[in-house]
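Please read the explanation below alongside the sequence and the coordinates. It deals with buried cores, one helix face and one surface patch.

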Amino acid sequence: MSYSRPTSTIPVPRYPNGIACIAVVGKQNNPLLIQTFGNAADQELKYHYLAHMSCDYVDEKLRSGSKSGDLYLGLLCTIESQNVYGYMTNTRVKFLIVIPTTVPTKDSEVKAAFDVIHSAYIDLLGNPFYDPDSTQMVASPRFRVRLQTLAAPAAS
Amino acid sequence: MAKTLKTLGEDVWRTKVEKVNGELFALTYGSIVTQLCRDFNNNYAKVNAQLDKMGYNMGMRLIEEFLARSQLGRCRDFRDTAETVAKVAFKMFLNISPAVTNVAPDAKAFSLVFDENPLAEFVELPEAARRRAVGSAAGPVENGDAMASAPAPLWFSNVLCGVVRGALEMVQLQVDARWVSDVLLGDECSEMRVTLIKVLEDEVPAGED
């Protein structure tokens with residue numbers, strides 16, 4: 001079966017190198033998943049804090065009223081030499097990607113990454129055993145594996 | 001003969017069957033299973049039994065539609081039954097073609113190996129549902145109370161066992177159908193074992209010497 005998913009306009013998606021962290025935040029700004037990669041793996045707490053702060057920036061972006069209805073929110077802020085990019089679904093679930101400022105990153109790559117996260121999140125919701133209203137962190141190994149594959153250094 | 005059945009199955013699927021959206025179908029079945037889990041307080045043995053019962057009731061009715069659309073006559077032997085169930089019946093209702101394997105030497109049992117399962121499209125079982133004790137059984141549960149306390153894994157697609165059992169009973173074949181492995185539980189493949197218990201009529205069963 002094939003389903004229509006949001007696809008980036010880039011024919012060959014390239015993903016950003018050096019993603020430090022991917023965060024999924026629920027509609028009540030509750031963290032659903034905070035996953036760190038590579039060198040950042042031992043600094044979970046710092047990324048929890050980053051994600052929390054970024055939610056304020058997301059709210060600010062919303063209030064400043066971007067009527068375009070685009071899900072991709074762009075670069076939200078730069079904290080402690082980390083770039084935080086945001087993306088919000090219509091159901092107010094937010095995805096955040098954190099990349100160190102030292103890594104050169106193209107907007108299109110970040111958008112492609114968000115599409116993958118969104119796709120993985122949709123599949124997670126398809127699991128009847130997952131409760132979308134739960135405020136617990138996401139336990140699904142399959143979801144984590146997909147994010148892991150995304151954040152792994154791109155084989156170029 | 002097998003080739004004809006395969007073609008027949010594909011034809012019936014293409015021309016005579018109304019289709020429904022696959023996601024809708026998977027989500028509907030998923031909510032049935034999770035609701036049963038909640039109703040039975042995650043007693044997976046009872047959930048398995050209930051799914052089998054539901055399947056049984058469905059199978060009893062589906063057989064009529066199957067016979068009407070496929071226009072097939074009697075199967076010559078149980079091996080023929082296996083091929084028909086796999087190539088025509090599953091194709092017609094679920095658009096999948098499980099493989100018939102492990103046919104017993106006396107042809108009284110066979111296995112259906114599923115390489116895809118539209119019921120379990122996005123499913124990931126919670127940890128507790130995957131735990132199994134030695135020799136925990138799927139399919140019809142004889143002694144419901146005794147089984148209730150034994151830890152059993154959740155056989156997510158157990159409704160299919162009931163459907164096979166119910167449908168074959170209506171054509172005078174009493175069978176036992178149960179899952180022996182399931183990819184959702186981490187196994188290599190999803191395999192259903194169907195065993196003929198007895199033929200239900202007095203007349204000479206087709207294919208027996």
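The text that follows treats the cores, then a helix of chain A, then the surface of chain B.

This is a predicted model. Its largest nonpolar core has 39 residues, and the members that touch the most others are B:F90, B:L154, B:F156, B:M192 and B:V194. Helices α2 (22-39), α3 (44-70), α4 (78-94) and α7 (158-170) of chain B each supply at least two residues of this core, as do strands β2 (109-114), β3 (173-181) and β4 (190-199) of that chain. The most, six residues, comes from α4(B).

B:V194 shows how such a position is surrounded. Beyond its neighbours within four places in sequence, B:V194 is in contact with B:F78, B:K108, B:A109, B:F110, B:V164, B:L168, B:V175, B:D176 and B:A177. A second, separate core contains 27 residues, among them A:I22, A:I99, A:I117 and A:L150.

A:L150 also appears among the buried residues of helix α3 (residues 141-151) of chain A, together with A:F143, A:L147 and A:A151. Viewed down the axis of α3(A), the buried residues fall within an arc of 90°, so they line one face of the helix. The general reason is that an α-helix has 3.6 residues a turn, so residues three or four places apart point the same way. In chain A, the buried residues of α3(A) pack against strands β1 (21-25) and β2 (31-36) and against helix α2 (107-126).

On the surface, B:V20, B:L24 and B:F25 make a nonpolar patch of about 270 Å². B:V20 lies in the loop between α1 (2-15) and α2 of chain B. With a relative accessible area of 55%, B:V20 counts as exposed, because the cut-off for that class is over 50%.

Terms used
Residues numbered from 1 in each chain as written. Chains lettered and ligands numbered in written order. Predicted model: local features only at pLDDT ≥ 70, side-chain atom pairs only at ≥ 80, totals over all residues. Heavy atoms only, no water. Core = buried A, V, L, I, M, F, W, Y, C linked by side-chain atoms within 4.5 Å. Buried < 20%, exposed > 50% of the residue type's maximum accessible area, 1.4 Å probe, protein only. Helix = DSSP H or I, 4+ residues; strand = E, 2+ residues; numbered from the N terminus. Contact = heavy atoms within 4.5 Å. Patch = residues over 30% accessible without salt bridge, like charges linked within 9 Å, V, L, I, M, F, W, Y side chains within 5 Å. Areas by Shrake-Rupley, 256 points an atom, 1.4 Å probe, with all protein chains shown as cover. Salt bridge = Lys/Arg side-chain N within 4 Å of Asp/Glu carboxyl O. Arc of directions from axis to C-beta.
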